[in-house]
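Welcome! Let us walk through this structure together, one region at a time.

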Amino acid sequence: MSQEQYDALKLENQICFPLYAAAREVIKRYRPYLDALDLTYTQYIAMMVLWETGEVSVKELGKKLFLDSGTLTPVLKSLEGKGYLTRRRSADDERMVLATLTREGLALRDRALSVPAQMAGCVHLQQEDASELYRLLYTLLDVLQEQKNE
């Protein structure tokens, strides 16, 4: 076999690697701001959904965050232990578990207000590059979800 045939295995030829490395680096930059709130990144994004909705089914939350229940359940359990949300079975459908924001969870939103601005100071991208990256990443997510549902 020629060396050219192995080019597909070079790290520099993988779209997944820069995506993975960039995600890790961005999340690492969140850490000091989220440590001050006593949140992990996954807890933070779960709280962001709850700050928007007030209440959401665990299934829908997992869908929005692209997380399976095995990953999401310990996150919600920890947030519940901190007093930021409650979990209960739906009165309409016992199979459905609802996560509901508490007063403490709502108060945390005010403390988290500075995080996006702090992150903007850490990730120096031109606005048009950031917008294009955002568009491309959501296009990729859409394609992957379509393939998953086929």
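What you see is a predicted model, and a good place to begin is the predictor's own confidence: pLDDT averages 93 over the chain, and 100% of the residues score at least 70. Among the elements of the chain, the highest mean pLDDT belongs to H2, at 98, and the lowest to H6, at 90.

Let us start on the inside. The largest nonpolar core has 27 residues, and the members that touch the most others are Tyr44, Met47, Leu61 and Leu79. Many parts of the chain contribute: helices H1 (16–35), H2 (41–53), H3 (58–65), H4 (69–81), H5 (103–112) and H6 (115–120), along with strand E3 (97–101), each supply at least two residues of this core. Which of these elements gives the most to the core? The answer is H2, with seven residues.

To see how one core member is surrounded, find leucine 79. Setting aside neighbours within four places in sequence, leucine 79 is in contact with Leu39, Gln43, Ala46, Met47, Tyr84 and Leu85.

Now turn to H2 itself. This helix has 13 residues, and the distance from its first C-alpha to its last is 19 Å, close to the 18 Å expected at 1.5 Å a residue. Its buried residues are Gln43, Tyr44, Ile45, Ala46, Met47, Val49, Leu50 and Trp51. After H2 comes glycine 54, which has a positive phi, near 80°.

H2 also leads us to the aromatic rings. How many aromatic pairs does a search of the whole structure find? There are five. A pair of aromatic rings is described by the distance of the centres and the angle of the planes. Take tyrosine 44 and tryptophan 51: their ring centres are 6.4 Å apart and their planes stand at 75°, so this pair is edge-to-face. Tyrosine 44 and tryptophan 51 are buried. Ring pairs also join Tyr44 and Trp51 with Tyr30 and Tyr41 into a cluster.

Another pair can be found in helix H7 (residues 127–149), where tyrosine 134 and tyrosine 138 sit four residues apart, about one turn of the helix. Are these two tyrosines buried or exposed? Tyrosine 134 is exposed, with a relative accessible area of 55%, while tyrosine 138 counts as partly exposed because its relative accessibility is 41%. Returning to their rings, the centres are 4.8 Å apart and the planes are at 50°, so the pair of tyrosine 134 and tyrosine 138 is tilted.

Next, follow helix H1. With 20 residues at 1.5 Å a residue, H1 should span 28 Å, and its end C-alpha atoms are indeed 28 Å apart. Where does H1 bend? The bend, of about 25°, is at arginine 29, and a proline, proline 32, follows within four residues. Arginine 29 is partly exposed, at 36% relative accessible area. Not counting residues up to four places away in sequence, arginine 29 touches Met119 and Cys122. For a sense of distance, compare arginine 29 with asparagine 149: they are 120 residues apart in sequence, and their C-alpha atoms are 33 Å apart in space.

A second arginine shows how the chain can bring separate stretches together. Arginine 109 lies in helix H5 and is partly exposed, at 35% relative accessibility. Its C-alpha atom is 8.2 Å from that of methionine 48, although 61 residues separate arginine 109 and methionine 48 along the chain.

Finally, have a look at two of the loops. Aspartate 38 is in the loop between H1 and H2, and its phi is near 60°, a positive value in a residue other than glycine. With a relative accessible area of 48%, aspartate 38 is partly exposed. What of the loop between H3 and H4? There you will find phenylalanine 66, whose phi is positive and near 60°, again in a residue other than glycine. Phenylalanine 66 counts as partly exposed, at 41% relative accessibility.

How values were computed: Residues are numbered from 1 along each chain as its sequence is written. This is a predicted model: local features need pLDDT of at least 70, side-chain atom pairs count only at pLDDT 80 or more; totals for chains, interfaces and linings use all residues. Side-chain values use heavy atoms; hydrogens and water are left out. A nonpolar core is a set of buried Ala, Val, Leu, Ile, Met, Phe, Trp, Tyr and Cys residues joined through side-chain atoms within 4.5 Å. Buried means under 20% relative accessible area, exposed over 50%, partly exposed in between (1.4 Å probe, protein chains only). Contact means heavy atoms within 4.5 Å. Rings of Phe, Tyr and Trp (its six-membered ring) pair if their centres lie within 6.5 Å; planes under 30 degrees apart count as stacked, over 60 as edge-to-face and the rest as tilted. The expected span of a helix is 1.5 Å times one less than its number of residues. pLDDT is the predictor's confidence in each residue, from 0 to 100. The bend at a residue is the angle between axes fitted to the seven residues ending there and the seven starting there.
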